[in-house]
Amino acid sequence: MTVEPGRIRVLNDAPPDEKGRYVLYLLQQANRAHFNPALELAVREANRLGLPVVACFGLLDGSNGFPEANARHYAFLLQGLSDAANGLKTRGIGFVMRKCSPAEIAIDLAKQAALLVLDRGYLAIQKGWYEEIGKRVKTRIVQVEGDVVVPLEIASSRHEFAARTLRPKINKQLDGFLNPLRVVHVKHSADKLGLSSTIDISDPDAVLASMTLDRSVPPVKRFKGGETEARRRLKAFLSGPFAHYGDTRGKPEAGAASHMSPYLHFGQISPVEIVLAARAAKASDDDKQAFVEEVVVRRELAMNHVFFTAHYDSYDHAIPQWARDTLAEKAKDERPHLYTDEQLANGETHDAGWNTAMKEMRETGFMHNHLRMYWGKKVLEWSNSPKDGFERTLRLNNRFFLDGRDPNSFTNVGWVYGLHDRPWARRPIFGTVRYQSENSLRKFDLNAYTRDVERLCREEAKA
Ligand SMILES: Cc1cc2nc3c(=O)[nH]c(=O)nc-3n(C[C@H](O)[C@H](O)[C@H](O)COP(=O)(O)OP(=O)(O)OC[C@H]3O[C@@H](n4cnc5c(N)ncnc54)[C@H](O)[C@@H]3O)c2cc1C
């Protein structure tokens, strides 16, 4: 199918500029050359206008760097862009990359474009780029939503209370947006335009070395960025552990995790592609349903939260009143264990299971879903105040996770503090916010998980 009309928003309804030399696509959220609705729409429009397509990317560097991004994040991003650039070239689509803001490169290259196509993300910084572009680009601008299954405003027009309020709305729309995307053949190659990048992305390591950035968190070997690698991992997951996803996803040692979150965060794979592949895989309906619940309902609940919450990174704005009240009542409760930021980051607590999870995160950029909940709840318990706990959980999350700095990051850290949840039995420190005890470490084989983490860390340490 071609792009569903519900994914398309016209931001500037001017006619395409007749003098335009190409159709420009600001590839910023959906960093991929395939299964990318914004790109396919750009190709379709370019063919209709008899023009080539040029994709562009603005790389934020130095003092202008992306908030909280470090060498780990940038290495993965650049590997993905290198892969995307190869895919674009094979299709006859131009690719221009410069060290500047995404808005800057789009505004500059749009001067010679008939039409500008944007993809769509929901973080405040991304919304800022779209606003700036909207004010300064005079030609037609079309935005295409390709990184959620059900377009956000179609799913819901308000901040959702919990997964149970969003789920029926998503389910009503789901089948209408789960369509294979038709690849549009490029009729006019961009080769003759003579546009060149100031960045040679064929060597992502060299680009990383040329950047001014926080190198205190190094790249990881466990995850290689790019759509090719995302699809390879997805295939391996769906033909193996997926058959037991429903039963074993709470067991970190069982391997029933897709590891799609870093690839989804950097737009290196489409969630629609993931769900279509999962539906076609050999697994029970229960396994499929459990997976769709995570990758569509929970993930899109996170998008809904950041979209409708202006200050989603602020404890006072993002956490519901009932949860802040109950945590405030318990703010003076004795805290048997208090740790500094450094002790937490180094995994120097009394809790060996927590330290192992922290080690997986710090050394390999990832942590299993089941442990993330435990990990977050303990930071709340071991912090001076709930606000302090929220802020340092978010800092650690965004610093070490490859999938950090995502709508999922802000929303799930918020969940630890009561967002999208309900009151539970009253406890010290937590009040009626859901507590998680050390017992949750006994529900899986902690020794097997620890051995796994040790092995992964040895592999990271190899030259
Ligand atoms: C304290 C805490 C912090 C978290 N921080 C992040 C983060 O920074 N970035 C991030 O992407 N996720 C975060 N999560 C959500 C979840 O833990 C990860 O998305 C998941 O573990 C990623 O592993 P996977 O891709 O193998 O997941 P799978 O189990 O294979 O699930 C497939 C996909 O579904 C989505 N998904 C799964 N669980 C959730 C969830 N609870 N909420 C929303 N979407 C979900 C993800 O996109 C994931 O890739 C956090 C959860 C908690 C409790």
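This report describes the ligand site of a predicted model and then a set of individual residues, with their backbone angles, burial and spatial neighbours.

## The ligand and its surroundings

The ligand sits in the largest pocket. The shell around the ligand receives two or more residues from each of four elements, namely α10 (261–265), α12 (285–308), α17 (369–381) and α19 (407–416). Of the elements, α12 gives the most, with five residues. In total, 23 residues surround the ligand, and the closest are Y245, S258, H259, N408 and S409. By residue class, the shell divides into nine nonpolar, nine polar and five charged residues.

Three pairs of polar atoms link the protein to the ligand at the distances given below. A polar side-chain atom of S409 lies 2.7 Å from a ligand oxygen, and S409 is also listed among the closest residues. For M260, a backbone N or O atom lies 3.0 Å from an oxygen atom of the ligand. The pair formed by N412 involves a polar side-chain atom and a nitrogen atom of the ligand, 3.2 Å apart. With the protein in place, 96% of the 820 Å² of accessible area that the ligand has on its own is covered.

## A buried histidine in α17

Helix α17, one of the elements that give two or more residues to the shell around the ligand, also holds H370. Is H370 buried or exposed? H370 counts as buried, because its relative accessibility is 17% and the limit for burial is under 20%. The side chain of H370 reaches the backbone oxygen of S440 at 3.4 Å.

## Positive phi angles outside glycine

Two residues other than glycine have positive phi values. For F35, phi is about 50°, and the residue is placed in the loop between β2 (22–26) and α1 (37–49). F35 is buried, because its relative accessible area is 19%, and burial means a value under 20%.

The other residue is E68, with a phi near 70°. E68 is found in the loop between β3 (53–58) and α2 (71–90). Here the relative accessible area is 42%, so E68 counts as partly exposed, a class that lies between the limits of 20% and 50%.

## Residues paired across the sequence

Four residues can each be described together with a partner distant from them along the chain. The table lists the C-alpha separations of these pairs.

| Pair | Separation in sequence | C-alpha distance |
|---|---|---|
| L78 and L60 | 18 residues | 12 Å |
| R426 and T326 | 100 residues | 9.0 Å |
| L178 and E273 | 95 residues | 8.3 Å |
| S197 and M97 | 100 residues | 5.0 Å |

L78 belongs to helix α2. Its relative accessible area is 0%, so L78 is buried. Helix α2 also marks one end of the loop that contains E68.

Two of the listed residues, L178 and S197, can be placed in one loop. L178 lies between α6 (163–173) and α7 (204–209), and S197 is likewise found in the loop between α6 and α7. How buried or exposed is each of them? L178 is buried, because its relative accessibility is 7%. S197 is partly exposed, with a relative accessible area of 27%. The partner of L178 is E273, at 8.3 Å between C-alpha atoms, while the C-alpha atom of S197 is 5.0 Å from that of M97.

R426 lies in the loop between α19 and α20 (446–461). At a relative accessible area of 54%, R426 is classed as exposed, because exposure requires a value over 50%. The C-alpha atom of R426 is separated by 9.0 Å from that of T326, although their positions lie 100 residues apart along the chain. The helix that precedes this loop, α19, is among the elements that give two or more residues to the shell around the ligand.

Terms used
Residues numbered from 1 in each chain as written. Predicted model: local features only at pLDDT ≥ 70, side-chain atom pairs only at ≥ 80, totals over all residues. Heavy atoms only, no water. Buried < 20%, exposed > 50% of the residue type's maximum accessible area, 1.4 Å probe, protein only. Near = heavy atom within 4 Å. Polar contact = N/O pair within 3.5 Å; in protein donor to acceptor, adjacent residues only side chain to side chain. Areas by Shrake-Rupley, 256 points an atom, 1.4 Å probe, with all protein chains shown as cover. 1 Å grid on protein atoms, 1.4 Å probe; cavity = no way out; pocket = protein on both sides within 12 Å on 5 of 7 lines; lining within 4 Å. Sits in = over half its atoms within 2 Å of the grid points. Nonpolar A, V, L, I, M, F, W, Y, C, P; charged D, E, K, R; others polar.
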